[in-house]
Amino acid sequence: MLRLLMVGVVVGGVLLAGGGCAARARTEPAPAWEVVGTSVRGAPIVATTIEAPGGALPARLLLVGGIHGNEPEGLAAVDPIVRMLVAEAPGVRVRIIRDLNPDGTAARTRGNARGVDLNRNFPASNFTPARQRGASALSEPESAVLAREIESFGADVVVVFHSIGRGPFVNFDGPGEGLARAFAAAAGETDARWHVVASMGYPTPGSLGTFVGVDRGVPILTVEFRRGQARDEVVAAGVAGVRAVARLMAAREIGPAGGPGVSPAGGGP
Ligand SMILES: [Zn+2]
């Protein structure tokens, strides 16, 4: 509560001279990014954690800024989301992987440097090997990084940024409809086109949505910005949507006390 009051003072712009609390909130350090793996071509994959203040066993939100290299729109929202989370401290622990597919981003390709669609390379119950899905689940270093992160962080909710021509909308797998509606409603305050789509309308063997949402029953949101959407629109919608998801997680006590989560002991890839 003290923390919330401190943030309120700063956001309100009323800085009291010599006010230690306000000064502390203003100087909250940005979290450091750490290298958690490397791509096929050796590019670093980086992640950071924004800790929840105070509370024991906070809900855990895992956010991925991008997984398809030709869908870089969401990457623009990552740093603004970090700043929002640090400033507002919504009461959840957030792990952010900036870009799971740096080789694809550099080359503007959907897949990684070997042409594998990382979002078809997870050990989901419907994985089948194929040239563009990999010879085996987690055959790619990038997807293996994310699987390790999911296990070690123990995510209660996963959010992944994509883009698509018919966006912007939010798709979900597992028990994620309420969270998807919260994201879309908040993003919709910035852009009325945002809505929820229950099914992508095509099969997604080996997808993260199936692996996390369907197989494990952990809510996962596939956030589809509109392909080519303006950066300021992406930032506004992404910040608003993640804020709404985090607040709902905190309010509902989704997490260790309120849901199954992806337990580190919950069966590895
Ligand atoms: Zn995508």
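1. The centre of this predicted model is an open sheet of eight strands, arranged in the order 1-2-4-3-5-8-6-7 and with mixed pairing. At its two edges lie strand 1 (34–38) and strand 7 (196–197), each of which pairs on one side only. Taken as a whole, the secondary structure of the chain consists of eight helices and eight strands. Of the 269 residues of the chain, 50% count as buried, and among contacts between residues at least 6 apart in sequence, 76% join residues that are at least 24 apart.

2. The beginning of the sheet order is antiparallel. Strand 1 and strand 2 (residues 44–50) run antiparallel and are joined by four bridges, one pairing being that of Val35 with its bridge partner Val46 in strand 2. These two strands form a hairpin with five residues between them, and Gly42, which sits in the turn, has a positive phi of about 90 degrees. On its other pairing, strand 2 meets strand 4 (residues 93–97), again in the antiparallel sense and over four bridges, with Val94 of strand 4 as the bridge partner of Ile50.

3. Strand 8 deserves separate attention, since it takes part in both senses of pairing. With strand 5 (residues 157–164), strand 8 (residues 220–226) pairs in the parallel sense over seven bridges; here Ile220 of strand 8 is the bridge partner of Val158, and Arg226 of strand 8 is the bridge partner of Ile164. With strand 6 (residues 169–173), strand 8 pairs in the antiparallel sense over five bridges, and in strand 8 it is Leu221 that stands opposite Phe172.

4. Are the residues of strand 8 buried or exposed? Seven of its seven residues are buried, and the strand is accordingly described as mostly covered. The cover extends to both faces: Ile220, Thr222, Glu224 and Arg226 are buried on one side, and Leu221, Val223 and Phe225 are buried on the other. A reader looking at the side chains may wish to note that Glu224 and Arg226 are among these buried residues.

5. The largest nonpolar core has 69 residues, and those with the most contacts inside it are Leu61, Val158, Val159, Leu179, Phe183, Leu221 and Val245. Helix 8 (residues 231–252) provides the largest share of this core, ten residues. Phe183 illustrates how separate parts of the chain come together, for if residues up to four places away in sequence are left aside, Phe183 touches Val170, Leu221, Val223, Gly241, Ala244 and Val245.

6. Helix 8 packs against helix 6 (residues 177–188) at an angle of about 140 degrees, and the axes of the two helices are 7 Å apart. That angle makes helix 6 oblique to helix 8, and the crossing of the two is right-handed. On the side of helix 6 the contact is made by Leu179, Ala182, Phe183, Ala185, Ala186 and Ala187, and on the side of helix 8 by Ala237, Ala240, Gly241, Arg243, Ala244, Val245 and Leu248.

7. Helix 3 (residues 78–88) also packs with helix 8, in this case at an angle of about 40 degrees and with the axes 9 Å apart. Helix 3 is therefore oblique to helix 8, and it passes helix 8 in a right-handed crossing. The residues making this contact are Pro80, Ile81, Met84 and Glu88 of helix 3, together with Val235, Gly238, Val239, Val242 and Arg243 of helix 8.

8. Two polar residues may be worth inspecting individually. Asn119 lies in the loop between helix 4 (102–107) and helix 5 (141–153). Why does Asn119 count as buried? Asn119 is buried because 26 other C-beta atoms lie within 10 Å, where 20 or more are required. Not counting residues up to four places away in sequence, Asn119 touches Ile67, His68, Ser207 and Leu208, while its C-alpha atom is separated by 7.8 Å from that of Ser143, 24 residues apart along the chain.

9. The second of these, Arg60, lies in strand 3 (residues 60–64). Arg60 has 23 C-beta neighbours inside 10 Å and therefore counts as buried. Between Arg60 and Gly91 the C-alpha to C-alpha separation is 9.6 Å, although the two are 31 residues apart in sequence.

Note on methods. Residues numbered from 1 in each chain as written. Predicted model: local features only at pLDDT ≥ 70, side-chain atom pairs only at ≥ 80, totals over all residues. Pairing = 2+ DSSP bridges. Core = buried A, V, L, I, M, F, W, Y, C linked by C-beta atoms within 7 Å. Buried ≥ 20, exposed ≤ 12 C-beta atoms within 10 Å, placed from the backbone. Contact = placed C-beta atoms within 7 Å. Axes fitted to C-alpha atoms, helices over the stretch in contact; angles between N-to-C directions. Parallel < 35°, antiparallel > 145°, perpendicular 65-115°, else oblique. Left-handed = near helix turned anticlockwise from the far one by under 90°.
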